[in-house]
Amino acid sequence: MHMKLDLGGLPDWLRAVLHEPHPMKHKGAFKVLYPVIPWVGMMLLGFVIGRETSRRERPIPIWLALSGLFAALFVVVRFAGWGNAYSHNGVGDVSFWIFSKYPPDLAWITFSLAVIFTLLAFLKSQQENPWIHALDPVRTIGRVPFFFYLVHFIVLFVATLPCPRDPGHPDGPVPLGLLGALAIWLAQLFAMLWPCAWYYRMKSERPNVVTRYL
């Protein structure tokens, strides 16, 4: 819906802050990856649904219903051509599965929420099975998602310092390919476990208005 807003009369920097990161994304030092309008909507949706389902003894039915709803909305949005940042050549083409996250288009939002609520329902249904404890490291990170998001940039920066520079892009390391990227991703997750566990303990022992949102 935010993609239909006409903000052409506003300065580029204000349009970028509100909902269009692209005009300013590659100009100077001012960059906006998380424009206010679409992401505030996502945050408010998360607060409302999270509070509602946390009060239910059996949240799985509502999660499955929401998953089906957003899956249906995704199909409608993708085929209707409204709310899509990128066009596609049909469901059999890879272009059908290319969405915009910065800013989020309706296709990305509906698809992501359908997957999220499906995973929530599945994991809740498996909470009594012993194998679920293998996901405890994921829970450690999930308890402090914003802290993880902020700190992981520092971890990645430090990790890339000793890497050889890419001649074509002196500011970045030499590309390592898919397997190399996967290895770095897993190593980063492992490196972040202790900081996330520490911050969760600190947040639990000394809660305040700042730490509760990190």
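Visitor: What is the relative accessible area of D136?
Guide: This is a predicted model, in which local features need pLDDT of at least 70, side-chain atom pairs count only at pLDDT 80 or more, and totals for chains, interfaces and linings use all residues. Residues are numbered from 1 along each chain as its sequence is written, and side-chain values use heavy atoms, with hydrogens and water left out. Buried means under 20% relative accessible area, exposed over 50%, and partly exposed in between (1.4 Å probe, protein chains only). D136 counts as partly exposed, with a value of 29%.

Visitor: Which residue forms a salt bridge with D136?
Guide: A salt bridge is a side-chain nitrogen of Lys or Arg within 4 Å of a carboxyl oxygen of Asp or Glu. In the pair with D136, the closest N and O atoms are 3.9 Å apart. The partner is itself partly exposed, at 44% relative accessibility. That partner is R139.

Visitor: In which helix do R139 and D136 lie?
Guide: Helices (H or I, at least four residues) and strands (E, at least two) are DSSP runs, numbered from the N terminus. The two residues are three residues apart, about one turn of the helix. Both lie in helix α6.

Visitor: How many salt bridges does a search of the whole structure find?
Guide: Side chains of opposite charge can pair when their charged atoms come close. E52 forms a salt bridge with R56, with the closest N and O atoms 3.0 Å apart. E52 is partly exposed because its relative accessibility is 35%, and R56 is partly exposed at 39%. With the R139 and D136 pair, the search of the whole structure gives two.

Visitor: Which element gives the most to the nonpolar patch on the surface?
Guide: Patches take residues with over 30% relative accessible area and no salt bridge, joining like charges within 9 Å and nonpolar side chains (Val, Leu, Ile, Met, Phe, Trp, Tyr) within 5 Å. Here V75, F79, V91, W97, F111, V115, L119, F122, L123, W131, L135 and V138 form one nonpolar patch with about 1,100 Å² of accessible area together. The elements that give two or more residues to the patch are α4 (60-80) and α5 (106-125). The greatest contribution, five residues, comes from α5.

Visitor: Is V138 buried or exposed?
Guide: V138 is found in helix α6, residues 136-142, and belongs to the nonpolar patch. Because its relative accessible area is 55%, V138 counts as exposed.

Visitor: With which side chain does the side chain of S67 make a polar contact?
Guide: A polar contact is a pair of N or O atoms within 3.5 Å; within protein, one must be able to donate a hydrogen and the other to accept it, and residues adjacent in sequence count only if both atoms are side-chain atoms. S67 is found in helix α4 and is buried, with a relative accessible area of 9%. Leaving out residues up to four places away in sequence, S67 touches A114, F117 and T118 (contact means heavy atoms within 4.5 Å). The polar contact, at 2.5 Å, is with T118.

Visitor: Which residues have the most contacts inside the largest nonpolar core?
Guide: A nonpolar core is a set of buried Ala, Val, Leu, Ile, Met, Phe, Trp, Tyr and Cys residues joined through side-chain atoms within 4.5 Å. The largest has 17 residues; α3 (36-54), α4 and α5 each supply at least two of them, and α5 has the largest share, eight residues. F70 touches L45, T110, L113, A114 and F117, not counting residues up to four places away in sequence. The residues with the most contacts inside this core are F70 and F117.

Visitor: How far apart in space are I116 and L66, C-alpha to C-alpha?
Guide: I116 lies in helix α5 and is partly exposed, with a relative accessible area of 42%. I116 and L66 are 50 residues apart in sequence, while their C-alpha separation is 9.7 Å.

Visitor: How many helices and strands does the chain have?
Guide: From the N terminus on, the elements run α-α-α-α-α-α-α-β-β-α. The count is eight helices and two strands.

Conventions: Accessible areas come from the Shrake-Rupley method with a 1.4 Å probe; for residues, only the protein chains shown count as cover.
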